[in-house]
Amino acid sequence: MSAAADPARPTPSGAAPLAGVRVIEVSLLGPGAVGTHLADLGAEVIKVEPPAGDYIRQMTWPIIEGSSLLHWHIHRGKRSLTLDLRTEEAQEVFRDLVRGADAVIEAMRPGALARRGLGYEDLLEINPSIVFCTISGYGMTGPYAHLPSHGIAYDTWAGIVNPTYNDEGFPYLPEHASIGIHAGPLFGSLGVLAGIVKARATGEGSFLEIAQSDAAAAMDWLRSETWKAYERPQSEVTGNRSDDYERRAPGTAGMEEGVRYQVYESSDGFVLFMASEQEFWKNFCQGVDRMDLFERWPGSQYGDHAKGNTELRKELVEIFRTKTSAEWVEWSGTVNTTIAPINTPKTLADDPQFHDRLGFMPHETHGADMIGTPLKFLDAELPDPSIAPTAGEHNDEVLAEVLGYDEARIAALREAGALGEGR
């Protein structure tokens with residue numbers, strides 16, 4: 001049954017959760033996703049960019065109809081206003097925007113706005129409840145604070161992705177999911193919302209900062225904290241009971257010898273078997289009519305991967321080859337055991353769970369086929385994000401509708417160069 005047809009779900013009727021929230025974003029590249037998360041939930045996000053525009057439009061691949069996928073995704077749902085903040089006239093426009101805003105996002109090296117007289121302390125004077133969020137690579141402090149960097153750096157710094165070697169002996173970075181550049185903006189948007197809640201309750205503003213490197217480390221806390229725990233004596237910190245308390249490496253690093261929690265080939269691909277609880281293991285054995293396996297190797301009640309049991313692993317190899325991946329996943333729901341599909345970034349789009357929960361917003365209306373926010377408010381309708389703007393696309397619209405400037409004032413700004421050449 002599709003989500004739309006589920007009678008247990010109420011029909012969305014309320015306003016978007018962040019309707020009425022206004023955010024002014026000054027960003028370069030991926031950290032602008034702080035504003036994306038807020039726009040997805042209904043906030044009005046005005047991207048202030050230099051006259052030449054954010055060069056995100058030409059950054060990385062693929063390039064779709066002249067602009068990068070990064071741009072189409074990061075700037076969906078936003079309006080673009082070009083301001084040359086080197087001019088006093090543009091700085092005054094920025095201050096006018098802040099007077100009616102809830103938050104300002106500085107998604108570039110920290111201090112960029114302060115150097116224009118538009119930092120947190122400056123903006124507090126005109127809006128005492130403003131929430132100011134600055135997001136950068138390594139943050140505002142520490143020996144790396146001023147280093148230029150790109151997204152993968154935060155994952156290598158945090159120990160999430162490690163080099164491997166090709167056939168010629170050269171080290172390289174293997175394919176991996178980027179964490180810091182996605183988690184950083186997510187934490188940033190959470191912080192902005194917390195600041196807005198505080199501001200609306202107390203009238204006081206907030207100044208928060210987030211480093212994408214910190215976010216990467218925070219997302220991978222389990223492995224780092226496990227190694228830290230192992231620095232303590234074994235009398236205080238042990239492994240799991242099912243492993244006879246051996247101190248296994250954390251995360252997937254300690255699972256190569258796992259058997260009841262492991263990858264297996266199906267008849268047409270791979271599945272992940274996760275019967276580390278005794279109940280799920282027993283249900284599996286009953287379901288495949290192999291209770292002899294359970295009677296011989298019942299395992300512990302919790303967290304038992306049957307580590308190193310090569311004989312059992314060979315039995316499971318033969319069993320899993322008897323069904324397709326889709327058949328195993330459906331079957332697991334009927335017998336109450338734990339089997340998951342193994343997709344790739346390419347095949348994920350064909351998965352029925354993906355179709356039901358996420359799907360793609362179509363390129364015909366959004367510039368690129370893209371995945372929307374995973375957040376779902378069952379009693380409110382989230383906005384369908386508008387297509388990512390061209391640089392300065394909403395200059396006249398924002399100045400007139402948001403700030404109330406008349407045609408003469410807008411023309412004067414253009415003449416003064418505040419909006420950039422040719423505007």
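Strand S1 (residues 22-27) and strand S6 (residues 103-107) run parallel to one another and are paired over five bridges, and within this pairing Val-26 has Glu-106 of S6 as its bridge partner. The model described here is a predicted one. S1 also pairs in the parallel sense with strand S2 (residues 44-49), in this case over four bridges, and there the partner of Ile-24 is Ile-46 in S2.

These pairings belong to an open sheet of six strands, arranged in the order S5-S2-S1-S6-S7-S10 with parallel pairing. At its edges stand strand S5 (78-82) and strand S10 (206-211), each of which pairs on one side only. From one strand to the next the twist averages 20 degrees. Helix H7 (residues 212-219) packs on this sheet, where it touches strand S7 (131-136) and S10, and its direction makes about 70 degrees with that of S10.

Strand S1 is mostly covered, with six of its six residues buried. The cover extends to both faces of S1, since Arg-22, Ile-24 and Val-26 on one side are buried, as are Val-23, Glu-25 and Ser-27 on the other. Arg-22 is also a member of a network of salt bridges that links it with Glu-44, Arg-79, Glu-397 and Glu-401.

A second open sheet consists of three strands in the order S11-S12-S13, and its pairing is antiparallel. Strand S11 (261-265) and strand S13 (339-341) are the edge strands; each has a single partner strand, so one side of each is left without a neighbour in the sheet. The twist in this sheet averages 30 degrees from one strand to the next. S11 and strand S12 (residues 270-274) pair in the antiparallel sense over five bridges, with Phe-270 in S12 as the bridge partner of Glu-265, and the hairpin that joins S11 to S12 passes through four residues.

Along S11 the side chains alternate between the two faces: Gln-262 and Tyr-264 point to one face and are buried, whereas Tyr-261, Val-263 and Glu-265 point to the other and are not. Helix H11 (residues 310-320) lies across S11, S12 and S13 and runs at about 45 degrees to S11. Helix H12 (residues 325-335) also packs on the sheet, touching S12 and S13, and its direction makes about 140 degrees with that of S13.

The structure holds 26 salt bridges, and the table gives some of them with their N to O distances.

| Salt bridge | N to O distance |
|---|---|
| Arg-95 and Glu-92 | 3.5 Å |
| Asp-96 and Arg-99 | 2.4 Å |
| Arg-290 and Glu-315 | 3.4 Å |

Arg-95 and Glu-92 are three residues apart in helix H3 (residues 88-99), and therefore are separated by about one helical turn. Asp-96 and Arg-99 likewise lie in helix H3, three residues apart, which is about one turn of the helix. In the first of these pairs Glu-92 counts as partly exposed because its relative accessibility is 31%. In the other pair, Asp-96 has a relative accessibility of 17% and so counts as buried, while Arg-99, at 41% relative accessibility, counts as partly exposed.

The salt bridge between the side chains of Arg-290 and Glu-315 has an N to O distance of 3.4 Å. This pair links distant parts of the chain, with Arg-290 in the loop between helix H9 (278-287) and H10 and Glu-315 in helix H11, 25 residues apart. Arg-290 counts as partly exposed at 21% relative accessibility, and Glu-315 is partly exposed too, with a relative accessible area of 29%.

Met-291 lies in helix H10 (residues 291-296) and is partly exposed, with a relative accessible area of 24%. When its neighbours within four places in sequence are left aside, Met-291 is in contact with Lys-282, Cys-285 and Gln-286. The C-alpha atoms of Met-291 and Val-402, which are 111 residues apart along the chain, are separated by 69 Å.

On the surface, Tyr-144, Leu-147 and Trp-157 make a nonpolar patch of about 300 Å². Tyr-144 is placed in the loop between S7 and helix H5 (151-157), and at 39% relative accessibility Tyr-144 counts as partly exposed.

Notes: Residues are numbered from 1 along each chain as its sequence is written. This is a predicted model: local features need pLDDT of at least 70, side-chain atom pairs count only at pLDDT 80 or more; totals for chains, interfaces and linings use all residues. Side-chain values use heavy atoms; hydrogens and water are left out. Two strands pair if DSSP finds at least two bridges between them. Axes are lines fitted to C-alpha atoms, for helices over the stretch in contact, and angles run from 0 to 180 degrees between N-to-C directions. Contact means heavy atoms within 4.5 Å. Patches are made of residues with over 30% relative accessible area and no salt bridge: like charges are joined within 9 Å, nonpolar side chains (Val, Leu, Ile, Met, Phe, Trp, Tyr) within 5 Å. Accessible areas come from the Shrake-Rupley method with a 1.4 Å probe; for residues, only the protein chains shown count as cover. A salt bridge is a side-chain nitrogen of Lys or Arg within 4 Å of a carboxyl oxygen of Asp or Glu. Buried means under 20% relative accessible area, exposed over 50%, partly exposed in between (1.4 Å probe, protein chains only).
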